[in-house]
Amino acid sequence: MNFLSLENINFYLAMILSIINGVLMCFASYKFFQIIQLSGYKLKGYFAWLKDTKANYVSRIFLLSVLSIFCILVTNALFDVYHAEGLYSYIGLVFYFYFTIVFIVNLYSAPQKVPLKNTTRMTRLNIAMFFAVTILSFFMITVCSEYLPFVKFGALCLVPIATPILVPFVHIILIPLEKMIINGHVLRAKSKLKKCQNLIKIGITGSYGKTSTKYILNTILSQKYKVCMSPHSFNTLTGLSKVINNYLNLDDEILLAEMGARQVGDIKELCDLIQPKYGIITSVGEQHLLTFKNFENVLKTKFELIEALPKNEGVAVFNGFDKGAKILYNRCQLDKKKITGNKGLVNAKNITFDQMGTSFDLLINNKTYSAKTVLLGKHNVENIVLCVQMAKILGLSDKEILNGISALKPIPHRLELIKTETNIILDDSYNASVEGSKVALNALSKMPGRKIVITPGLVEMGEKEKQANIDLGKRIAKVADFVIIVNKVNFEAIKQGLDEKKFKDENIYQAETLDKAKILMRDFLSTGDSILFENDLPDNYI
């Protein structure tokens, strides 16, 4: 009987099995969906991960298929499936479904820094993936039943091998639809912004310090204004459109828009939406060189915010403590440009910090005030000074500014000071840069007890990554008593730096993940020790 005949029971069984396989493969493709999402739905980042030897999930899913097909072939031979009918023809699939479920359970139980977000876009991607896998599964079963009858329904085992390619394939198919949907969100956001004629719009960008500056500025400006701040790290076109559509109220007076970028043109796209009158440049360094290629492209992209400001009324504030920001200040042609630091009217001096926080003298228009904050690190003082300058431009009094500084709260995972009953923890795990790691290690040096550093090193630095991590190892050696290097990505480079500074080899440890590093630390952790968590690898490095 023809396999595709509606009278053939195998036809309906093949449909049911294909649907089940479609569901399972959507779950089994979790990691590939996650990498697509972490890459900003850009295939360049996905395929860079896929080609990398660190992408061991490809080999794992390949092993799933090979092991399953082997068990099915052995089972089919034992039960003579070639001539058998009924349940015997499907018994081998028990192995495949068992192995697949075990694979999925292990996949979802693995620790993740940034879990897959179940957005509406990801839902559409999963639905498209389901149909693609279901169709492919049915096709494979039909072909094998016709030309490889000794395999029969075991053809399902070959489908997982295709998932690393199917995920970007369905993503490409959905791109036109996604662009239409994003354009709809953007148009709705622009329409809402037009209703807020008196809204003060401030764009904030930089290689690092964007989110911290945003939180600080929100706290200070809230002393006088009703402020809408983009939550978390919402700094893309989709994210900022969501902020405007879902978070911005018509009676809000200020919108703080964090603007992130990984390639030239990203900031310009965000400015086309927000149309800010005010701009802040935090710090500009050699971040994301993997996509920017060189430092000049980083400068060019960050300067897109300044170019988007109104020529006659635009106001730009630059971090005068940062070399990259000062380069952009010198390029800026706006009349209303301000710079902090020694050349500006707002500055900070006599910065000291300990386990209680940071104290400094705040200079505002030739007046000096004693200020104190729970935030740690010189870079946070620089961010505060930036925000003070913008606050003065927007008419806040010195008293309101000082009240705002005293109201600041620790920013999660950004050199966050955490005190336990026995130890002090500096959580700087959100991300790391060369300058940021210097500040974090300096802060650790001021803490009591033995010093422990847990870090995977610096990533996304292109050709400069190895040397940056060698230098990081040298700086760690000057401060730390123990070091745990997470993952193998930068282990050799960091260890080389440690060795050059004669750091004790027996005090250098390696752990596969951050969770395993925490367990390993228990072997030598004592009461009174201070621990610095410096960076945590993105999931596309694990």
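These notes cover a three-stranded sheet, a helix lying across it, a helix pair and one loop residue in a predicted model.

1. Sheet layout. Strands E7, E8 and E9 form an open sheet in that order, with antiparallel pairing. E7 and E9 are the edge strands, each pairing on one side only. From one strand to the next, the twist averages 20 degrees. As background, the strands of a sheet pair through backbone hydrogen bonds, in either a parallel or an antiparallel sense.

2. E7 with E8. Strand E7 spans residues 346-354 and pairs with E8 over seven bridges in the antiparallel sense. For checking the register, Val346 stands opposite Ile364 of E8, and Asn347 has Leu363 of E8 as its bridge partner. The connection from E7 to E8 is a hairpin through two residues.

3. E8 with E9. Strand E9 covers residues 367-373, and its antiparallel pairing with E8 also runs over seven bridges. Here Asp361 stands opposite Ser370 of E9. The hairpin of E8 and E9 has two residues between the strands, and Asn365 in this hairpin takes a positive phi near 50 degrees. Anyone checking backbone torsions will meet Asn365 with that positive value.

4. Cover on the sheet. Strand E8, residues 357-364, is mostly covered, with six of its eight residues buried. Helix H15 (residues 398-406) lies across E8 and E9 and runs at about 20 degrees to E9.

5. Helix pair H7 and H10. The axes of H7 (residues 163-195) and H10 (residues 266-274) come within 9 Å and cross at roughly 45 degrees. That angle falls outside the ranges counted as roughly parallel, antiparallel or perpendicular, so H7 and H10 are oblique to each other. On the H7 side the contact is made by Val186, Ala189, Lys190 and Leu193; on the H10 side, by Asp272, Leu273 and Ile274. By class, the residues of this contact comprise five nonpolar, two charged and no polar ones.

6. Ser39. Ser39 lies in the loop between helix H2 (30-38) and helix H3 (43-51). Its relative accessible area is 14%; the cut-off for buried is under 20%, so Ser39 counts as buried. Leaving aside residues up to four places away in sequence, Ser39 touches Gly45 and Tyr46. A polar atom of the Ser39 side chain lies 3.5 Å from the backbone nitrogen of Tyr46.

Key: Residues numbered from 1 in each chain as written. Predicted model: local features only at pLDDT ≥ 70, side-chain atom pairs only at ≥ 80, totals over all residues. Heavy atoms only, no water. Buried < 20%, exposed > 50% of the residue type's maximum accessible area, 1.4 Å probe, protein only. Helix = DSSP H or I, 4+ residues; strand = E, 2+ residues; numbered from the N terminus. Pairing = 2+ DSSP bridges. Polar contact = N/O pair within 3.5 Å; in protein donor to acceptor, adjacent residues only side chain to side chain. Contact = heavy atoms within 4.5 Å. Axes fitted to C-alpha atoms, helices over the stretch in contact; angles between N-to-C directions. Parallel < 35°, antiparallel > 145°, perpendicular 65-115°, else oblique. Nonpolar A, V, L, I, M, F, W, Y, C, P; charged D, E, K, R; others polar.
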